[in-house]
Amino acid sequence: MASVDSAPSERIPSGRSSLIPGMESRRSQRRSTDSSKDASNVLPVTLIKIGTREILLQSAQDVEMFEFILSRKAVGVPYETALDLLCPIGGDALVKVAYADAETAWDTVLMFHIKKDHRHARLRTAFEHALLQEGLILERESYAGDHSIVFLKMMTPFDRLCVEAEKIKLKRPMKHDETPSANTQAKALAIADFLDTERVWDNVKSTAVRSTRSKRRSLTFNKRNLMAILGSSSETYPSKEVQLTLFDNGHRNLLTYNIIRHARMRTLGKKYLRKDFNKLLDEGVYSDIFPLHDGPVKLRPGRSPNKRSQLYELWCRSIYKVPLEDLRDYFGEKIALYFAFVGHLGAWFGLAALMGAGVFIYGVIKAVHEGHFEIPDGIADVPSSLELNSAMSTIFDNVLTLPWAFALSVWAMAYLEFWKRRNNTLAYTWDVLQFETEEGTRPQWYGTVIRQSEVTGQNEPYFPRPWRQVFYTITGCIMVLTLLVVIGAIAGFIFFASFMRWYLRDTDKARYASVISACVSLATIMILRPLLTRLSRVLTDFENHKTETQYQDAFTTKALLFEFINTFGSLFYIALLKVWVMKKHITIFNRSDWDDTCIYGNCMVELTVQMAVVFMGSGFVEHVTKYFWPLFDKRFRKKVKSAKHLAGLTDEVDDVEAGKGKVPKLPKWEEDAKLVPLRAESAFEYGYNMTVLQFAFIVLFAVAFPLAPLFAIVHNALRMRIDMQNLLTKYRRPFALQAQDIGVRQTYITAISWMAVIVNACTIAFSSKYFDENYLNLFGESKEAQWAVRLGFIVIFEHAVVGVKALVAYMVPDIPREVKIGLRRAEYLAKRELDASEEEEPNEDELGKMICIIL
């Protein structure tokens, strides 16, 4: 039974018996509320209790309308009938709240714990006022099994969603769009220049992306143009169907989350204006925020499927094929791009794996042919007769090593070109190609002065450039000091490896010194990794970036730089410097007896051992951590007790269980609360960075370990399956955030691709024993002649790869031809509509003549 200050009215609220007047009255009231968001104009909050539920309303019109809905519900008016009656006057959210049950799809849910902390309670009250001023409908309800845990559920009215969609410039496809016919398209392609090689790749269609030719033109959302948007109608006010379906569940939680992030607690004064929602989370005022999953991931017999269960079924049927469209609709473009990136790289690893397997098989065959694996009759002589030195050198350092290094370098360049093309196609198809240019300001950003904008001419906050330079200088100095610490750790690894070789030099275990030092290197990398990531986050927070993309790019730049030096420092030492230590050109602590020689006298074999241990070990630790940590975390976060504590929440069982009667059922928000929290902004940053490092492993050092691409395929398949399994079954649903590309990681991939050319050439020239035996003395045995051969090989290798790269870049343009045509057509149609509107608008003279004729 509802408990309010005044009794529910049994009539339609005054001023709302007519469609247009009531609607205009409510909209004008909301505008007045939005324009008066200050401490002096705070409307009182009305609390309506319905059982254990507490509904918070601020607008007097909302309170009156909600009372009317409750009165209609009390006399048995169905939910659909109430929607038909109230949607035309903007009451969609109030109807949903009034008829809410355990299956209601709330737009967003906040969790907090009730503690004896008056400051936290005061901040929560102020933030609830801020959310109400933003136009949201709030409902509080305690946990059924633990009343100290409270849910704050939010429902966003259709009008407010439209305002926010206009604010973030959300793109929506048009209902009707004039697309050229097949003949017109064929003629347009025929007119193209004969030398235009973009047409070569037009026939390469991606199975995961719908054809861009059939893509409907999208418009930046504007409520005045609703009749042009897909799913709308030409009525004066949107119909019930439009209000309920125009924004899908992903768009609703995205828009609501954006409203929450930018809400400000104006009731506490200017001191708290900069305290946004993220700071409330960090301080423990709220414990988490999450949208609700669409339903259970695994259905009982007879239950209707939902998007979550359908996505789970699609994913279980495939290994590498990603249902990108379904993934994007449910989790948003940012997470869909992550899976597209990992899947695309995994598919390209297949080509590298074929080449690498061929090199490895050739080495094994050659080693067998040369008799390195012949086992004599005496079993006791087997260990000494395997000739492991020659066998390892033959397998991993042979005549195919040089072509393999060249193929890897070309492969890296080709992958980069095709990924840029793929990324642009996805961004165009998903209407996020201009996302970064239209992106709004981060709520955490702050300006220190007010200045007039050079673009809009209006006053706006501004963070002066000198202060930014000061902040960047401070973070740069801290990064340099941190990099020195990481380099010191690498030097410690070198010292440890040299000591182990010296300590085990006269024992049978000397051959294991490389493996032991590699394991120590792996342990150092795994220990430093979370510390460096945390430091990167703190430094990026300090820098005060204006947009979310700038913030994420700055964080990724620091994290990947630390990761790159931490992970590959020891490998660079073995590939490029250790040969000089072995030849006594460089000494360690001026001790000639500390001889850091390469295993079996071949630094390529040493690099193979280090590469195999670090690459496979880091991948194993990643997968074990990602799979088991959510299970461990979930066990300690599970707050819901046995179903016997739930009162009044029952659900009819399926026909197969009809004999059991009724069973208690948890509401959707309590089911999702049992899952592990996942912050939307930082989701899959670790997976992203590990994928970039995996790419670097392959293109920089797989020349010494040809089987690395094959293991990379396995790693990527496991990464994708574990991540999707966690997303659908173990994590709370993240918000469907948007993204245009993979960010600064693409810059890292480009830099790594160019670096791979030099590193592979230097690895062959300085560390390959086969190169030394067959090519080094080509022009004589003097040091000058040998240096000429090495440098000449590096120059020829680099120029050959760059030439092939230029050819691939010419043949594979970054933006597909279909995308270019679509963009040009959209620009043409927009210009045509603008010209048409100008022609239809009469000038002042024509308007005067028309008035005279009428008079």
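Guide: The expected span of a helix is 1.5 Å times one less than its number of residues. The model discussed here is predicted, and helix α22 offers a case for applying that rule.

Visitor: What span should the 17 residues of α22 have, and how far apart are its end C-alpha atoms?

Guide: At 1.5 Å a residue, α22 should span 24 Å. Its end C-alpha atoms are 24 Å apart, which agrees with the expectation.

Visitor: How many residues of α22 are buried?

Guide: Helix α22 is mostly covered, with 16 of its 17 residues buried. For the protein chain as a whole, buried residues make up 51% of the 855 residues.

Visitor: At what angle do the axes of α22 and α24 cross?

Guide: Helix α22 covers residues 685–701 and helix α24 covers residues 745–767; their axes come within 8 Å and cross at roughly 20°. Angles under 35 degrees count as roughly parallel, so α22 is roughly parallel to α24. The crossing of α22 past α24 is right-handed.

Visitor: Which residues form this contact, and how do they divide by character?

Guide: A general point helps in reading such a list. An α-helix has 3.6 residues a turn, so residues three or four places apart point the same way. On the α22 side, the contact residues include Tyr688, Val692, Phe695 and Val699. Among their partners in α24 are Tyr748, Ile752, Met755 and Val759. The residues of the contact of α22 with α24 divide into 13 nonpolar, three polar and two charged.

Visitor: Which sign of phi does lysine 169 have, and where does this residue lie?

Guide: The general idea comes before the case. Most residues other than glycine have a negative phi. Lysine 169 has a positive phi of about 60° although it is not a glycine. This lysine 169 lies in the loop between α6 (158–167) and β7 (171–173). Because its relative accessibility is 39%, lysine 169 counts as partly exposed.

Visitor: Where is asparagine 544 placed, and does it count as buried or exposed?

Guide: Asparagine 544 also has a positive phi of about 60° and is not a glycine. Its place is in the loop between α18 (513–543) and α19 (548–582). The cut-off for a buried residue is under 20% relative accessible area; at 6% relative accessibility, asparagine 544 therefore counts as buried.

Visitor: How many helices and strands does the protein chain contain?

Guide: The protein chain has 28 helices and 13 strands. Of its contacts with a separation of 6 or more, 78% involve residues 24 or more positions apart.

Definitions and conventions: Residues numbered from 1 in each chain as written. Predicted model: local features only at pLDDT ≥ 70, side-chain atom pairs only at ≥ 80, totals over all residues. Heavy atoms only, no water. Axes fitted to C-alpha atoms, helices over the stretch in contact; angles between N-to-C directions. Helix = DSSP H or I, 4+ residues; strand = E, 2+ residues; numbered from the N terminus. Parallel < 35°, antiparallel > 145°, perpendicular 65-115°, else oblique. Left-handed = near helix turned anticlockwise from the far one by under 90°. Contact = heavy atoms within 4.5 Å. Nonpolar A, V, L, I, M, F, W, Y, C, P; charged D, E, K, R; others polar. Buried < 20%, exposed > 50% of the residue type's maximum accessible area, 1.4 Å probe, protein only.
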